[in-house]
Amino acid sequence: MFTGRLKTYFTINTAFFLFAGMLLINMVLVKIDQRALVKSEISKGFILVSALENSLRQSLEKKNVFFNSNNKYLFRELLKEAGFNFALFSDPKNKQKYFFGDCGINRDRLVQLTHKAFLTKKKITAFDDSVWGLFWKENRYMIISSPLFVDQKTTASVSIVLDLLKIYNQTRQTQQIVFIYILINTVILTIISVKRFSRVTVTPLKRMLARVEDFREDEDFFLIHEKESDEFSRLSSSLHRMLKQISGDKEKLRETVTSLKKTNLQLKEAQKDLVKAEKLASVGRLSAGIAHEIGNPVSIIIGYLELLKQHDISDKEKKDFLCRTEVEINRINIIIRQLLDFSRTPEEFFRKFSVHELLNDISTVFEMQPLLADIKLELHLSAEEDIITADSDQLRQVFMNLMINAADSIASAPEKVQGKINISTSKIEKPLTHTSVPIQMLKIIFTDNGPGISDADIEKIFDPFYTTKEPGKGTGLGLYVCFMIIDKIGGTIKAASEKKNTTLTILLPFDR
Ligand SMILES: Nc1ncnc2c1ncn2[C@@H]1O[C@H](COP(=O)(O)OP(=O)(O)O)[C@@H](O)[C@H]1O
Ligand SMILES: [Mg+2]
């Protein structure tokens, strides 16, 4: 394709420049040729003038007149024979002027020139009028004026006129042949040049192109035979070097990619180990928490049971101890229930359900609770898709925990303001990592206008048993349970607190 275009380009250019060059040379030649022709016509004119001079001198000597009918005829014949069109003969002594022939020349100018030749006693060559020659404008008439001497005295003068148009017409005729000749020459020379150019340039280029296209990394790239031009040999070896360099670079790149993959794998392994360690640590922390949180009420219960075993206690005291024991048992019960919340459903029992429906349902239930009586609850459920796969009871637990926390926070504010909880949803595209494809996720945001969380505390709120609430009110397990449930679904939960607004953002995957 490329070589085809190159060939056409070369052909057109060569043909054009050859044709233009030959035409230019031809123009110069025509000019030189015409000038030579005019010169020869001038010499012819001078000879004619001499002949006229002789014949007129004889006539004057014999008959004492320049012209009689006889030599007038002779004069005309001579003029015609020499190819001249027109003549003016002036005899100032007898104040006579004779005109011969016919042409469109300005007669006043002719009379002037004839008179000038008589006065200056010199031959004059002049041109008059213009006409289109072959390529440009040329002189139309050539005038030769000359004095006539009889006994070495100027007695009269003559002017002869030649119409140069016939010379131009002659050249025009020959030029037609020359033009055809130039055309044929252009074609032949172009064909020869293109053939030569093809052999020297296009063919090696084609071959080189084919080799480059078929090039495989494991082979050598050498193309040009010794006889081919030096430039192509150089180009070939440069290409060879370049291709070698490229395949070397590719090899290096491949090695780098392999080592990167290996490092990535190692990193992933390390990350897994870390997560495992973190999980173990969190289990440890949880166990310690459970031991502490359950251990305390258990020792209190044991204490009361010891007291109850004694015989000398009143019924009132017995009742009081039993009530206190019940409180402690309830505390243990709540903790156990909350811990059960996230460990209940195995993944294979997850079902598809609408998150919007669940949120609407929770909001109606909540509006009837005294805890939320003074709080304005706003729902902006604008996600275009809301069906996810999970255990809906667990997710209900998560949403309830978040709402209770928000309500608790609003209630704990030192100065009373209109409490507001805002719940909004949207569908977002979240890239997992920079290499993986982005996945669709449902974003749920809980915002409240409570007093907020300090930067130091926000780090700890997902820890088990972390609570700022008074004993008996908070267990510190709510957000921990939320975190575990969301993590099991494959989502994330994050908290942010800015001035007086706390935001908890949950991302849940649509496809699992
Ligand atoms: N919306 C909120 N605004 C302010 N603080 C909050 C909010 N949600 C949670 N917290 C803080 O995080 C702590 C842990 O919460 P959570 O795990 O639910 O336990 P609990 O509610 O039993 O205290 C809370 O004690 C509270 O200090
Ligand atoms: Mg809570």
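## Helix α8 and the ligand shell

Helix α8 contributes three residues to the shell around ligand 1, the most of any contributor. This is a predicted model, so please read the distances below as computed values. Helix α10, residues 478–489, joins α8 in supplying at least two residues each to that shell.

## A closer look at α8

Let's walk along the helix itself. Helix α8 runs from residue 392 to residue 411, 20 residues in total. From first C-alpha to last, α8 reaches 28 Å, close to the 28 Å expected at 1.5 Å a residue. At its N-terminal end sits a cap: a side-chain oxygen of aspartate 391 lies 2.9 Å from the backbone nitrogen of aspartate 393.

Which residues of α8 are buried? They are Gln394, Leu395, Val398, Phe399, Asn401, Leu402, Met403, Ala406, Ala407, Asp408, Ser409 and Ile410.

## Who touches ligand 1

Ligand 1 has 16 residues around it, and those coming nearest are Asn405, Thr467, Thr468, Lys469 and Leu479.

Several polar contacts are worth finding on your screen. In the side chain of serine 409, which is one of the buried residues of α8, an N or O atom is 3.2 Å from a nitrogen atom of ligand 1. Lysine 469 places a polar side-chain atom 2.7 Å from an oxygen atom of the ligand. Glycine 478 uses its backbone instead, with an N or O atom 3.4 Å from an oxygen atom of ligand 1. On its own, ligand 1 has 530 Å² of accessible area, and the protein covers 92% of it.

## Where the ligand sits

Which pocket holds ligand 1? Ligand 1 sits in the largest pocket.

Conventions
Residues are numbered from 1 along each chain as its sequence is written. Chains are lettered from A and ligands numbered from 1 in the order in which they are written. This is a predicted model: local features need pLDDT of at least 70, side-chain atom pairs count only at pLDDT 80 or more; totals for chains, interfaces and linings use all residues. Side-chain values use heavy atoms; hydrogens and water are left out. Helices (H or I, at least four residues) and strands (E, at least two) are DSSP runs, numbered from the N terminus. The expected span of a helix is 1.5 Å times one less than its number of residues. Buried means under 20% relative accessible area, exposed over 50%, partly exposed in between (1.4 Å probe, protein chains only). A polar contact is a pair of N or O atoms within 3.5 Å; within protein, one must be able to donate a hydrogen and the other to accept it, and residues adjacent in sequence count only if both atoms are side-chain atoms. A residue is near a molecule or strand if one of its heavy atoms lies within 4 Å of it. Accessible areas come from the Shrake-Rupley method with a 1.4 Å probe; for residues, only the protein chains shown count as cover. On a 1 Å grid over the protein atoms alone, a cavity is a set of points where a 1.4 Å probe fits but cannot get out, and a pocket is an open set with protein on both sides within 12 Å along at least five of seven lines; lining residues have an atom within 4 Å of a point. A molecule sits in a cavity or pocket if more than half of its atoms lie within 2 Å of its grid points.
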